[in-house]
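Hi,

Here is the structure I promised to pass on to you. Have a look at it first, and then read my notes below.

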Amino acid sequence: MDWTITWSYFIGAAFLTNAMPHLMSGVMGRTFQSPFATPRGVGHSSSTVNMVWGFFNLVVAYVLLCRTGNFDLHATADVVPAGAGILISGVLMARRFGRFNGGNSPPANRSGAADNA
């Protein structure tokens, strides 16, 4: 397979992963970080801005995954770069957004009971 198609699957999956928090925040009417906020990428944007930004990311993901090459969910050579794009971009976004939303350091168990898990 051509490396440019493999790369487009990886990047397309990253765009798909980035679309999710923006679309969900927009649909739920919540603010969320976006490139259009002040400071850029740190401040929160309105739910409408997040909805539009999430939809844009979804369109780019569609073009890169579905209109480039011949993406096949049954072909390992197609799924592996897409899965890697989801995993790597998801972990990076979790770390970045976790700094601002408390996800990188969840509160300790305050119930007084020991965790048995």
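Let's start at serine 45. Setting aside neighbours within four places in sequence, serine 45 is in contact with Thr31, Phe32, Ser34, Phe36, Ala37 and Asn50. You'll find serine 45 in strand S2, which covers residues 44-45. Is serine 45 buried or exposed? It counts as buried, because its relative accessibility is 6%, and the cut-off for buried is under 20%. One of its contacts, phenylalanine 32, sits 13 residues away along the chain, yet the C-alpha atoms of the two are separated by 5.6 Å.

Before you go further, keep in mind that this is a predicted model. The protein averages a pLDDT of 88, and 91% of the residues score at least 70. Confidence is highest in H2, at a mean of 96, and lowest in strand S1 (residues 32-33), at 88.

Phe32 also turns up beside another serine. Serine 25 touches Arg30, Thr31, Phe32 and Ser47, again leaving out residues up to four places away in sequence. This serine 25 belongs to helix H1 and is buried, with a relative accessible area of 9%.

Now for the aromatic rings. How many aromatic pairs does a search of the whole structure find? It finds five. One to look at is the pair of tyrosine 9 and phenylalanine 71, which is edge-to-face, with 4.9 Å from centre to centre and 85° between the planes. Tyrosine 9 is in helix H1 (residues 3-28), while phenylalanine 71 is in the loop between helix H2 (47-66) and helix H3 (76-101), so this pair ties together parts that are 62 residues apart in sequence. The two partners are covered to different degrees: tyrosine 9 is buried, at 1% relative accessible area, whereas phenylalanine 71 is partly exposed, at 25%.

There is an aromatic cluster to find as well, formed by Phe36, Trp53 and Phe56. You have met Phe36 already, among the contacts of serine 45.

Last, turn to the surface. Which residues form a nonpolar patch there? They are Phe55, Leu58, Val59, Tyr62 and Val63, and together they have about 430 Å² of accessible area. Take leucine 58 as an example: this residue lies in helix H2 and is partly exposed, with a relative accessible area of 32%.

Have fun exploring, and write back with any questions!

Cheers

Methods. Residues numbered from 1 in each chain as written. Predicted model: local features only at pLDDT ≥ 70, side-chain atom pairs only at ≥ 80, totals over all residues. Heavy atoms only, no water. Phe/Tyr/Trp six-rings, centres within 6.5 Å; stacked < 30°, edge-to-face > 60°. Helix = DSSP H or I, 4+ residues; strand = E, 2+ residues; numbered from the N terminus. Buried < 20%, exposed > 50% of the residue type's maximum accessible area, 1.4 Å probe, protein only. Patch = residues over 30% accessible without salt bridge, like charges linked within 9 Å, V, L, I, M, F, W, Y side chains within 5 Å. Areas by Shrake-Rupley, 256 points an atom, 1.4 Å probe, with all protein chains shown as cover. Salt bridge = Lys/Arg side-chain N within 4 Å of Asp/Glu carboxyl O. Contact = heavy atoms within 4.5 Å. pLDDT = per-residue confidence, 0-100.
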